[in-house]
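Biologist: Please show me the model, and then let us go through it together, one question at a time.

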Amino acid sequence: MKIGYPCINRSIGCTANSTFRLANYSEHRLIEKVGNNLDCLQKILEFNVENNFLFFRISSDIVPFASHPVCTFDWIDHFKKDFVSIGSYIKKNNIRISMHPDQFILINAKDENIVKRSIAELDYHCNFLDAMKLDKAAKVQVHVGGVYGDKDASIERFIKNYNLLPQHIKKRLVIENDHNRFNLSDCLQISSRTKIPIVFDSFHHECFNNGETMKEAAILASKTWKKSDGVLMVDYSSQQGGKVKGAHAQSINMGHFKQFLQEIAGLDCDIMLEIKDKEASALRVHKYISRLETI
DNA sequence: AGTTGTCAAGCTAGT
DNA sequence: ACTAGCTTGACAACT
């Protein structure tokens, strides 16, 4: 079981998701930003290896505007050496990688243009992972999309559009249950017809489910992962008190987390801690787990 | 140097 | 009708 946190490290003093304004786009700026972001990504990964965080989500902002029409620059070729070098570091240290394109990515949108832009964005994510020469266990996770007042039709549209995706996207794309639109059983329905693996989001499952216990749900999701996809990815969080339903906790609630670990005991998975304070909470989790291992 | 409005993109529920 | 929330900050124009 690997533990990770998403995108941002707050203790090493650099970010791998630095961007700029579209209005200020220039090739020079793009090269500068991507160069810095890749340098910082390497530093974050080194920090992670030292601290035994072997699961990491790379920010979608690592190559700003990569899928925007304004970007015609061949960044894959320009940074080829860096990609290969970071990729070998990832493989050498057996780090699991994921990416999570933003909320604008809607494979099942009714508007063809949104679908087109979404595919362009997925293409960017997959090209990025391909450039690092990572195997297909490095995943790109999205939500199913919008309901548009007709869930069945929206599921059909997802499946239809998914089947049309190019192979280099299909091999990495996975779906995640969300907290108010498509829950685990909706995702399972899609998975049974497309064989797409499901990232299990435990917090979303608490918010929105079809009566499955945490353990049942995690096992159902894990069965959608083939050997070559790697083990089940889990997104873990809990409710931030005083905020609207679905708001992620600012810092980890260890009691809640321990109970979650007990509930899914015996299931191999990699856990992404979607907690706002990032590695601070991840360090507390590690302390707890290493204590368990020494007992 | 510090503050603050704004940033490519969408959907949903809650106010 | 409007906004918070979602991987959420961080950019950049303004004091």
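**DNA contacts and the barrel**

Modeller: A phosphate oxygen of DNA strand C lies 2.5 Å from a polar backbone atom of His248. The model is predicted, so to speak with care, local features need pLDDT of at least 70 and side-chain atom pairs count only at pLDDT 80 or more, while totals for chains, interfaces and linings use all residues. Residues are numbered from 1 along each chain as its sequence is written, chains are lettered from A and ligands numbered from 1 in the order in which they are written, and side-chain values use heavy atoms, with hydrogens and water left out.

Biologist: Which residues come nearest to DNA strand C?

Modeller: A residue is near a strand if one of its heavy atoms lies within 4 Å of it. There are 26 residues around DNA strand C, and those that come nearest are Arg10, Ser18, Asn24, Ser60 and His248.

Biologist: What share of the atoms of DNA strand C within 4 Å of the protein do sugar and phosphate account for?

Modeller: Phosphate oxygens of this strand take part in polar contacts (pairs of N or O atoms within 3.5 Å). One of them is 2.8 Å from an N or O atom in the side chain of Lys276, and a polar side-chain atom of His143 lies 3.5 Å from a phosphate oxygen of DNA strand C. Of the atoms of DNA strand C that come within 4 Å of the protein, the share of sugar and phosphate is 67%.

Biologist: On DNA strand B, which residue has a polar side-chain atom 3.0 Å from a base oxygen?

Modeller: The residues that come nearest to DNA strand B are Arg21, Leu22, Val147, Tyr148 and Arg181. For Leu22, a polar backbone atom is 2.6 Å from a phosphate oxygen of DNA strand B, and for Tyr148, an N or O atom in the side chain is 3.0 Å from a phosphate oxygen of that strand. The residue with a polar side-chain atom 3.0 Å from a base oxygen of DNA strand B is Arg21.

Biologist: How many strands form the closed barrel?

Modeller: Strands are DSSP runs of E with at least two residues, numbered from the N terminus, and two of them pair if DSSP finds at least two bridges between them. The closed barrel runs from β1 through to β8 with parallel pairing, and its number of strands is 8.

Biologist: In β8, which residue is the bridge partner of Met233?

Modeller: Strand β7 (residues 232-236) pairs in the parallel sense with strand β8 (residues 269-273) over 5 bridges. The bridge partner of Met233 in β8 is Asp270.

Note on methods. A polar contact is a pair of N or O atoms within 3.5 Å; within protein, one must be able to donate a hydrogen and the other to accept it, and residues adjacent in sequence count only if both atoms are side-chain atoms. Helices (H or I, at least four residues) and strands (E, at least two) are DSSP runs, numbered from the N terminus.
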